[in-house]
Amino acid sequence: QKAFDYLKKLFQNHQIKKTYLALVMGRLMPKAGEIKSPIGLKGGTTRRTARLGRVKLIKDAITRWQTLRYLTYENRDFTLVEVMPVTGRTHQIRVHLASLNHPILGDKVYGRSKLKDQISKRLGLERQFLHAESVEFTTARGQRIKISADVPADLGGVLNLLLPAPEDRG
């Protein structure tokens, strides 16, 4: 119980660094940034949104990103991005990236488009390209711990099908 309470407090105080890997549609610019946009629940649905017209349960949300590289496939641009949510709202990363018009490839709920769905299918992507890469925190004894997970084979396979953007080729 002590460990649970300690970790819960770390999450509540934003003292756990979570890092995700996402492949998004288009060329995300600038190469690094922060989204400070509240997220609310759309009335009558379970979908979240950063557009706060008729929504309820609005909560502040902050997401930081860093571009890792630009890629292409079938003359379309994609961005491989490292994403660090500061807050931990449901679907936060997906909602925030879609709100920038750079939805996650394979996401069937946020940033829906026929083109995104068609490309996902041609790449053999059967889920959203969002990977929980690492979590980092300080233990109650003061030791810094980082737990990492390799990119799953299916997502790695998708990356192998994409080419570096022309300016990134060397």
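**Lysine 116, a buried charge without a salt bridge**

Lysine 116 is buried, yet no salt bridge goes with it. The nearest side chain of opposite charge belongs to aspartate 117, and that one sits 4.3 Å away. Since a salt bridge here calls for a side-chain nitrogen of Lys or Arg within 4 Å of a carboxyl oxygen of Asp or Glu, the pair with aspartate 117, at 4.3 Å, doesn't count as one. All of this is read from a predicted model.

So what does the side chain of lysine 116 reach instead? Backbone oxygens turn up twice: that of aspartate 107 at 2.2 Å, and that of glycine 111 at 3.3 Å. Aspartate 107 and glycine 111 also both show up among the residues that lysine 116 touches once neighbours up to four places away in sequence are set aside. The rest of that list runs through Pro103, Ile104, Leu105, Gly106, Lys108 and Tyr110, with Met25 coming from elsewhere in the numbering. Lysine 116 itself lies in helix α3, which spans residues 114-122.

Zooming out to the whole chain, there are 4 helices and 10 strands. Along the sequence they come in the order α-β-β-β-β-β-β-β-α-α-β-β-α-β. Of the 170 residues, 39% are buried, lysine 116 being one of the buried ones. As for contacts with a separation of 6 or more, 62% link residues 24 or more positions apart. The accessible surface adds up to about 10,200 Å², with carbon and sulfur atoms taking 51% of it.

Note on methods:
Residues numbered from 1 in each chain as written. Predicted model: local features only at pLDDT ≥ 70, side-chain atom pairs only at ≥ 80, totals over all residues. Heavy atoms only, no water. Helix = DSSP H or I, 4+ residues; strand = E, 2+ residues; numbered from the N terminus. Buried < 20%, exposed > 50% of the residue type's maximum accessible area, 1.4 Å probe, protein only. Lys, Arg positive; Asp, Glu negative; His and termini not counted. Polar contact = N/O pair within 3.5 Å; in protein donor to acceptor, adjacent residues only side chain to side chain. Contact = heavy atoms within 4.5 Å. Areas by Shrake-Rupley, 256 points an atom, 1.4 Å probe, with all protein chains shown as cover.
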